[in-house]
Amino acid sequence: MIEIRAIVTDIEGTTSSISFVRDVLFPYARKRLPAFIETHGEQPDVQHWLHETAREAGLVEASRQDFIELLLQWIDQDRKSTALKALQGMIWKDGYAASDYRAHIYPEVAARLRDWRADGLRLYVYSSGSVPAQQLFFRYSEAGDLTPLFAGYFDTETGPKREAESYRLIAEAIGEQPAHILFLSDIVEELDAAQAAGFHTGWLVREPQALPGSPRHPVYRDFDAITP
């Protein structure tokens with residue numbers, strides 16, 4: 001039996017509810033994005049991500065209003081844009097700091113993460129949200145500050161989550177053979193990509209739904225059912 005030495009976990013639908021991101025974080029960023037771009041547009045880090053937005057959209061020239069309208073459209077589309085996620089993360093930081101919300105965590109997750117870490121497993125996050133947004137999420141979680149449990153974070157700067165090469169790069173970055181890594185997600189296409197890279201996989205199915213007769217990945221209802 002292959003020993004699991006590291007666990008890489010998704011966030012939305014895996015450690016935390018999709019509804020928190022969809023119904024709390026997205027609206028919060030959407031409401032504040034226009035003012036944020038207007039008041040922070042000259043800051044170097046904001047300028048960098050606006051430049052990346054323009055590059056991704058194929059824009060040669062764009063006004064701040066053009067950026068605002070485009071980014072709001074991307075939010076509505078839930079576009080997996082690294083630039084958008086970075087800018088959203090900057091806005092969410094203010095919300096966390098002001099205690100406007102705390103990140104939702106499923107009831108059993110924090111205890112299981114602590115148990116796995118105590119057992120010597122290294123824990124990582126791979127999410128479409130930016131690395132700073134991931135760190136904020138776990139720092140300001142309903143279960144308290146969970147960031148000390150994680151050894152690292154990965155976002156779409158590493159690569160798309162549905163491409164096997166992204167997982168090969170993660171394995172290389174953490175210095176572990178793919179066969180010793182378990183990836184947890186609620187998205188089958190992400191699990192397929194991780195499996196193609198040699199990872200073990202776990203499919204989190206939090207809400208009752210019809211499942212294929214022979215799922216390609218082990219199915220778990222919660223973290224308590226997972227035994228790495």
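## A tour from helix 4 outward

Start at the end of helix 4: select serine 99, which follows this helix and has a positive phi, near 60°. Bear in mind that this is a predicted model.

**Helix 4**

Now select residues 82-97, the whole of helix 4. The helix has 16 residues. From its first C-alpha to its last it reaches 23 Å, close to the 22 Å expected at 1.5 Å a residue. Is it largely enclosed or open? Of the 16 residues of helix 4, 13 are buried, so the rest of the structure largely encloses it.

**Helix 2 against helix 4**

Add residues 44-57, which form helix 2. Helix 2 and helix 4 pack at an angle of about 150°, and their axes are 8 Å apart. That angle is over 145 degrees, so helix 2 counts as roughly antiparallel to helix 4. Their crossing is left-handed. To see the contact, show Asp45, Val46, Trp49, Leu50, Glu52 and Thr53 on helix 2. On helix 4, show Thr82, Ala83, Ala86, Leu87 and Met90.

**Helix 1 against helix 4**

Hide helix 2 and bring up helix 1, residues 18-40. How do helix 1 and helix 4 cross? Their axes come within 9 Å and cross at roughly 100°. Helix 1 and helix 4 are therefore roughly perpendicular to each other. The residues of helix 1 in this contact include Phe20, Leu25, Phe26 and Tyr28. Among those on the helix 4 side are Ile91, Trp92, Gly95 and Tyr96.

**Helix 1 against helix 3**

Keep helix 1 and add helix 3, residues 64-77. Here the angle is about 170°, with the axes 9 Å apart. Helix 1 is therefore roughly antiparallel to helix 3. Phe26, Arg30, Leu33, Pro34, Ile37 and Glu38 make the contact from helix 1. Arg64, Ile68, Leu71, Leu72, Ile75 and Asp76 meet them from helix 3.

**The nonpolar cores**

Next, select Trp92, Tyr96, Leu113, Trp116 and Phe150. These have the most contacts inside the largest nonpolar core, which has 57 residues. Helix 1 supplies the largest share of this core, 9 residues. For a second, separate core, select Ala6, Val188, Ala197 and Trp203. They are among its 20 residues.

Go back to tyrosine 96. Which residues does it touch, leaving out those up to four places away in sequence? They are Phe20, Leu25, Tyr101, Arg102, Ala103, Leu136, Phe137 and Tyr140.

**Phenylalanine 138**

Find phenylalanine 138 in helix 6, residues 131-139. Is it buried or exposed? Phenylalanine 138 has a relative accessible area of 0%, so it is buried. Leaving aside residues up to four places away in sequence, it touches Ile11, Thr15, Ile105, Val125, Gly144, Asp145, Leu146, Thr147, Phe150 and Tyr153. Now run a distance from phenylalanine 138 to alanine 103, C-alpha to C-alpha: they are 7.2 Å apart in space and 35 residues apart in sequence.

**Helix 8**

Last stop: select residues 188-196, helix 8. Its buried residues include Val188, Glu190, Leu191, Ala193 and Ala194. What covers the buried residues of helix 8? The cover includes helix 7 (164-174), strand 4 (181-185) and strand 5 (200-204). Finish just after helix 8, at glycine 198, where phi is positive, about 100°.

How values were computed:
Residues numbered from 1 in each chain as written. Predicted model: local features only at pLDDT ≥ 70, side-chain atom pairs only at ≥ 80, totals over all residues. Heavy atoms only, no water. Core = buried A, V, L, I, M, F, W, Y, C linked by side-chain atoms within 4.5 Å. Buried < 20%, exposed > 50% of the residue type's maximum accessible area, 1.4 Å probe, protein only. Helix = DSSP H or I, 4+ residues; strand = E, 2+ residues; numbered from the N terminus. Contact = heavy atoms within 4.5 Å. Expected span 1.5 Å × (residues − 1). Axes fitted to C-alpha atoms, helices over the stretch in contact; angles between N-to-C directions. Parallel < 35°, antiparallel > 145°, perpendicular 65-115°, else oblique. Left-handed = near helix turned anticlockwise from the far one by under 90°.
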